[in-house]
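Student: Could you take me through one part of this model in close detail, staying with what the coordinates themselves show? I would like a single connected account rather than a list.

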Amino acid sequence: MCYAIPGVVVEIRDKLVTIDYFGERKLARNDFCKLAIGDYVLAQGGFIIERVEETKAKAVLSDWKELFNELQETDMRLTSEAKTLYQLANKTRHEHTGNSCCVHGIINFSNYCVKDCLYCGIRNSNDNLIRYRMSVDEIVEASDMAVNKYNFKALVLQSGEDMWYNDEILMDIIDKVRSRCNVLLIMSIGERDLSTYKLLYERGARGILLRFETSKEDLYSSLKPGSNLKKRIELIEELHRMGYLIMTGFLVGLPGQTEEDILRDIHLTNKLHSEMFSFGPFISHKDTPLKDASLPSLDMALTSIARARMLYPDARILVTTALETLDKFEGAKKGLLAGGNSLMIDMTPVKYQKLYSIYPEKKGTESSIEERIEEVTKLLESIGRAPTDLGL
Ligand code: 5AD
């Protein structure tokens, strides 16, 4: 599977580069490569990842040309008639972002967490969980495999809030991963000091995944003991100012959350300059205080995606694994057809996958990485989505 196809550079304005993919133009930011007009590049998440040698790029593009046209036709066909909210949202997605779909890899490298969030299965006081912490070498190996074997161009390194990974260790991870992999590195390590995030940026991390979870202040403090919503939002804003691409969002269907709250959550996601909207259904976990809370309906989760798309037509909207867990067979497809345009595949070593149990029966953990990639590739082909970058 190819998660990004090369495009050709047609304009360079300082750090902003315009890339052409079979006649479609997308913007990307360039922090690391020396580029000239006419160069072939791979971009992901609106970020230039690497230059690609011309003959190699042309070979990939000639293999892709026919399929690319077919995918566009399929997407066009599926969006030609729109009546329901989901169909209208899907049509809006098609009109504003084309048929691009990003597929990021995610490695969950530690399930230790100092926080005690009431909804989360890896909360500190869950004693029923076997904890794991991947070593620097294991993280580098897993990243190498995701990037150099499976071709992912954007990778999320995620953990609970685990202070064992101090500044030195985190910098070591980034240095080693970057020395072996050309990839957009996105960190999801919770609330850490600004000085830590600054160091990670200097080492080449460029994305942050940090949800605000809910925009409702009293709900936030009741679900996250000892935490403060304002502080979290300020951190996300500060990280954006630092230059990071922001991926943020919330949980859908938390106890006490209303539809209006969800609309406010969608607005806040946008207000925080979210490069990628990341929100998904809350799924109760038996080893948490919210074990008896009911699950949100699939309709509620899909409606949130569709509404976010209608409100912010140009957004990149992630279809989360939690949605796929709500509907194991068709969750991803339904999310993508309700306005979503991005997916993640769990690239955590299989022996740890089930232990990252923020919620139960996480989709993907029952199959091998190869099977999962094949499943996603087939799905994207069947609904006409292409692995061109969504751009900035
Ligand atoms: N259901 C769904 N998502 C959850 N998360 C944590 N617990 C759950 C749950 N029970 C999400 C949070 C967190 C992300 C890493 O996982 O939104 O930010």
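Tutor: In this predicted model, the backbone oxygen of Tyr 201 lies 2.8 Å from a polar atom belonging to the side chain of Arg 206. The side chain of Arg 206 is also joined to that of Asp 31, through a polar contact of 2.7 Å. Arg 206 itself sits in the loop that runs between α5 and β9 (207-209), and with a relative accessible area of 7% it falls under the 20% limit and is therefore buried. Leaving aside residues up to four places away in sequence, Arg 206 touches Arg 29, Asp 31, Phe 32, Phe 47, Leu 184, Leu 185, Tyr 201, Gly 243, Tyr 244 and Leu 245; Asp 31 and Tyr 201, the partners already named, are thus among its contacts.

From this loop one can turn to α5 and its packing. Helix α5 (residues 194-202) packs with helix α4 (residues 167-180) at an angle of about 20 degrees, their axes being 9 Å apart. Because angles under 35 degrees count as roughly parallel, α4 and α5 are described as roughly parallel to each other, and their crossing is right-handed. On the α4 side the contact is made by Asp 167, Leu 170, Met 171 and Ile 174, which meet Thr 196, Leu 199 and Leu 200 of α5. Sorted by class, the residues of this contact are five nonpolar, one polar and one charged.

A second helix pair can be set beside this one. Helix α9 (residues 298-311) packs with α2 at an angle of about 40 degrees, with the axes 9 Å apart, and α2 and α9 are therefore oblique to each other. The crossing of α2 and α9 is left-handed. Here Leu 85, Tyr 86, Leu 88, Ala 89, Thr 92, Arg 93 and Thr 97 of α2 meet Asp 299, Leu 302, Thr 303, Ala 306, Arg 309 and Met 310 of α9, and by class this contact has seven nonpolar, three polar and three charged residues.

Helix α2 (residues 85-97) also holds Asn 90, which is buried, with a relative accessible area of 3%. Not counting residues up to four places away in sequence, Asn 90 touches Leu 78 and Thr 79, together with Leu 336, Leu 337, Ala 338 and Gly 339, and also Arg 385.

Notes
Residues are numbered from 1 along each chain as its sequence is written. This is a predicted model: local features need pLDDT of at least 70, side-chain atom pairs count only at pLDDT 80 or more; totals for chains, interfaces and linings use all residues. Side-chain values use heavy atoms; hydrogens and water are left out. Axes are lines fitted to C-alpha atoms, for helices over the stretch in contact, and angles run from 0 to 180 degrees between N-to-C directions. Helices (H or I, at least four residues) and strands (E, at least two) are DSSP runs, numbered from the N terminus. Angles under 35 degrees count as roughly parallel, over 145 as roughly antiparallel, 65 to 115 as roughly perpendicular and the rest as oblique. A crossing is left-handed if the near helix is turned anticlockwise from the far one by less than a right angle, and right-handed if clockwise. Contact means heavy atoms within 4.5 Å. Ala, Val, Leu, Ile, Met, Phe, Trp, Tyr, Cys and Pro count as nonpolar, Asp, Glu, Lys and Arg as charged, and the others, Gly among them, as polar. Buried means under 20% relative accessible area, exposed over 50%, partly exposed in between (1.4 Å probe, protein chains only). A polar contact is a pair of N or O atoms within 3.5 Å; within protein, one must be able to donate a hydrogen and the other to accept it, and residues adjacent in sequence count only if both atoms are side-chain atoms.
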